[in-house]
Amino acid sequence: MSNVLELQESDVHHGHEAHHEHHHHETFITKYVFSQDHKMIAKQFLITGMIWAIIGGLFSVLFRLQLGYPESTFPWLEDLLGHWAKGGKILPEFYYALVTMHGTILVFFVLTAGLSGTFANFLIPLQIGARDMASPLLNMLSYWFFFLASIIMFSSLFVQTGPASGGWTIYPPLSALGDASSGSKIGMDLWLTSMAMFIVSSLLGGLNYISTILNLRTKGMSMTRMPLTIWALFFTAVLGVLSFPVLLSGAILLLFDRNLGTSFFLSDIYVNGKILPNEGGSAILFQHLFWFLGHPEVYIILLPAMGMSSEIISVNSRKPIFGYMAMVGSLFAIAILAFLVWAHHMFVTGLNPFLGSFFVLLTLLIAVPSAIKVFNWLTTLWRANIRFTPGMLFAIGFVSLFISGGLTGIFLGNSALDIHLHDTYFVVAHFHIVMGVASFFGMFAGVYHWFPKMYGRYLNNTLAYIHFWITIIGAYLIFWPMHYEGLAGMPRRYYDFSGWESFKMFGGLNEFISVVAMIVFAAQLLFVLNFFHSIFKGRKVTTANPWGANTLEWTTPIRPGHGNWVGEIPEVYRGAYDYGKDGREFIPQTEPVGENESHH
Amino acid sequence: MTQFLLIAIVVMIFVVIFQIAKASEYVSVLKGEEKARKQNNKINAFLLISFLILGLIGVWWCNDLYYSKTLFPMGAASEMGQKIDLMLYITIGVTGVVFVVTQVLLFWFSFKYQENDDRKAFYFPHNTKLELLWTTVPAIFLTVLVVFGLKYWFKMTSDAPKDAVVVEVTGHQFAWEFRYPGPDNILGKKNYKLTKGANSLGVDFNDPASLDDIHVSATMHIPVNKPVKFVINAQDVIHDVGLSHFRLKMDAVPGIPTTLWFTPLYTTEEMKVRSGNPNFVYEISCDQMCGKGHFSMRGVIIVESAADYKMWLATQKPEYYTVFPDKAPNATPTDTSSVKQMPLAAVMASGK
């Protein structure tokens with residue numbers, strides 16, 4: 001590699017002319033706290049997301065303890081949780097708060113902000129050849145609104161009546177009435193306020209991602225030459241910008257119903273001995289508003305993982321991603337369909353059957369672009385020359401989980417079957433595999449693959465391999481048997497099944513799942529340890545392009561400074577996937593097309 | 001004490017793994033990083049193919065362990081439910097084949113095409129024929145599943161037969177209430193603002209149709225082999241009438257009544273034999289998160305022969321008399337015994 005690429009961060013500020021505004025001396029505050037550098041903001045999102053993931057994961061360990069051992073008491077729980085675990089047993093109210101916060105944290109704070117916040121910020125400018133985001137200031141605000149949302153959500157864990165406990169879907173009237181649940185008191189107001197801040201953060205980020213991708217691509221980087229990561233992050237941002245405002249409206253109307261006496265979602269209610277005056281509202285209306293975001297949200301979580309896995313699979317297969325245009329087209333199809341299927345979460349609400357039939361059709365239609373993606377990934381692996389870096393293993397794991405969880409979606413999208421399976425452990429298994437664990441795998445793949453670019457060091461490989469194997473085996477052990485519980489109709493969000501003749505036979509299985517869940521959680525701590533240790537002590541990266549990849553981020557210095565490239569931004573002459581072409585292992589995007597190069 | 005020991009052990013394991021991992025990095029430097037990388041590649045390729053084989057064995061084993069605990073072996077207890085089971089089997093068949101084929105290809109390709117210095121990756125950026133193939137084939141299979149699904153969907157959401165037994169189901173935190181229309185076969189009107197004291201459902205007793213309505217809690221009786229229609233509502237928050245044995249479910253929403261209907265095929269007694277469980281009981285589970293007692297919101301359905309059902313119904317006293325005890329026939333304190341005796345007489349008459 002040329003010497004230019006090995007220049008260090010310190011050289012960058014003096015070396016180029018374009019970035020007048022960044023010439024000023026950076027203090028600790030402007031560099032690490034109120035940074036406007038997209039790479040630092042990405043790291044802030046990632047580390048905040050990791051902290052949330054540990055909290056959210058810990059919550060799942062706590063409620064799995066209850067599910068696995070409903071008859072036992074653990075005195076140390078009382079030491080830890082005080083009156084929420086009186087006598088060493090988690091109270092039902094707190095169990096439901098744990099379940100609710102686990103869902104909220106993982107869906108929004110980890111797999112939305114932590115995933116696309118991290119990688120959209122980090123990869124968009126680096127992979128399209130831009131010095132930073134279109135608006136670094138809005139980008140910084142995006143993180144700080146997320147931080148504010150985090151603080152508010154975190155504080156709700158400590159209010160006396162407890163955090164929100166009506167499920168992450170916060171269906172009213174349960175979430176609207178403090179009389180119906182202690183979690184629907186101040187905890188719910190904090191939840192809604194936090195979510196409003198979160199949505200502001202997501203919109204600021206999303207608008208920035210879209211305008212950056214559309215406007216700041218380097219010379220030669222036409223849309224069809226962009227890496228699939230960028231396409232995926234682009235559609236993700238579009239989904240977020242169009243759907244999050246609808247949740248915001250739902251959240252605000254719910255705040256009105258809770259605090260101002262309106263009746264948007266309330267009607268004919270007798271609760272806790274009180275006859276409420278509200279009439280004419282519709283509880284179902286909220287579900288429409290919620291799922292109009294809620295379903296695209298699934299793809300907001302999943303698309304970045306798909307994009308990163310596509311990129312990582314291609315790089316490590318040393319082969320072009322099979323069917324680039326089909327991959328872009330299927331991402332597009334999924335993004336469009338994501339808006340047209342929300343009511344498949346509502347087949348049991350008494351929805352008009354005729355309307356329901358459209359949602360069945362459109363939902364199952366998503367299986368077609370999903371199938372295209374899966375077969376294209378498989379064909380990419382076919383006759384490849386695969387290097388099993390930790391990133392690659394997680395990308396392969398992502399495909400495996402996406403298949404397993406995607407197929408059960410065919411059951412749930414078909415309304416007649418959904419009626420039986422709705423709100424059972426079948427659903428828990430389905431969405432944990434396809435959107436929870438699979439997206440985590442995409443995220444891990446991304447972290448392992450781009451960590452060298454983030455910190456100029458490698459993560460420890462041995463720990464990475466241990467992490468991968470425990471996680472994929474554990475994920476299947478946890479969620480696969482849950483399908484059987486679901487087929488038996490075992491409802492989700494139950495604190496204890498021992499009083500049910502129909503479900504109590506799964507007690508042994510629940511205990512097994514809980515044990516595995518704890519082991520898998522411990523393995524994630526191994527990753528956290530590896531991450532923070534390697535930032536400071538990891539093996540140093542010595543070549544600019546350690547994976548032999550084509551994309552632009554590997555043409556920057558090993559540790560790019562603010563502005564990313566020293567001197568001119570490189571020009572792009574080809575797509576991102578010329579691996580193995582004309583007998584050459586890889587041809588970077590910056591290399592002009594040769595005269596004798598074959599066309600395909 | 002034990003918990004500290006446990007924590008200490010866990011921390012120890014962490015430290016050991018961490019030290020091994022660090023040592024392995026030094027070893028790889030000594031061995032030559034390229035060599036160590038290639039060795040890791042071989043190990044992981046081998047592990048991937050092992051994972052596939054053990055995983056497929058595990059899938060089979062898991063099925064062996066838990067299939068008997070699903071609801072399939074005893075079959076669905078409603079006509080509609082049996083069709084849904086058939087559809088489940090077909091969907092499991094189709095997706096099962098896709099699952100095995102794609103997972104096998106994924107891990108087998110990973111193993112077979114692991115890095116090898118003697119081979120170069122095959123440059124294969126796209127192939128329109130192949131892509132059209134795997135666009136159309138899934139589309140065809142899905143069309144079949146959609147057609148099947150919608151046929152049953154419209155059937156199960158169709159209007160209940162005219163002669164269906166009507167039961168009103170009301171959910172509240174955290175129990176189920178059932179109301180039968182009585183001899184006139186019309187459920188009396190309700191108004192939630194009338195909910196007070198003994199009139200716990202808010203029935204409007206100014207409506208003559210409500211005078212013969214019967215209200216029971218927690219346990220519902222229905223006749224076998226006769227269509228049953230539930231009119232479902234909730235008093236406080238959203239609940240859900242979950243009927244796993246009948247393969248049905250419907251939300252109970254305050255202010256918006258919903259309905260569902262089905263024809264039970266087996267009495268509770270018959271199901272005890274079919275399931276091999278002498279304690280078998282049809283349970284109504286609340287399937288929509290409704291607050292801290294959600295998990296205990298249990299209802300019971302007793303499916304019995306038409307004769308038993310009739311007899312049970314005859315023993316029930318209209319709710320009107322519970323709400324207004326003074327209006328009950330023979331309401332004078334000395335005469336309450338006759339009300340209790342009537343059912344006994346009915347039992348005698350049936351010859352049981």
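## A hairpin in chain B

B:R247 adopts a positive phi near 65° in the hairpin formed by β6(B) and β7(B), where four residues lie between the strands. The model is a predicted one.

The two strands of this hairpin are β6(B), residues 239–243, and β7(B), residues 248–252. They pair in the antiparallel sense, and five bridges join them. Within this pairing, B:A252 of β7(B) has B:H239 opposite.

## Burial of strand β7

Is β7(B) mostly covered or mostly open? It is mostly covered, with five of its five residues counted as buried.

The burial applies to both faces of β7(B). On one side are B:L248, B:M250 and B:A252, all buried. On the other side are B:K249 and B:D251, which are buried as well. B:A252 therefore counts as buried, with 20 or more other C-beta atoms within 10 Å of its own. For chain B as a whole, 32% of the 352 residues count as buried.

## Chain B overall

Chain B contains eight helices and 10 strands. Its C-alpha atoms fill a box of roughly 100 × 65 × 45 Å along the principal axes.

What is the radius of gyration of chain B? The value is 31 Å, whereas a compact globule of 352 residues would have one near 20 Å.

Contacts in chain B often link distant parts of the sequence: of those between residues at least 6 apart, 68% join residues at least 24 apart.

Methods: Residues numbered from 1 in each chain as written. Chains lettered and ligands numbered in written order. Predicted model: local features only at pLDDT ≥ 70, side-chain atom pairs only at ≥ 80, totals over all residues. Rg over C-alpha atoms; globule rule 2.2 N^0.38 Å. Buried ≥ 20, exposed ≤ 12 C-beta atoms within 10 Å, placed from the backbone. Contact = placed C-beta atoms within 7 Å. Pairing = 2+ DSSP bridges.
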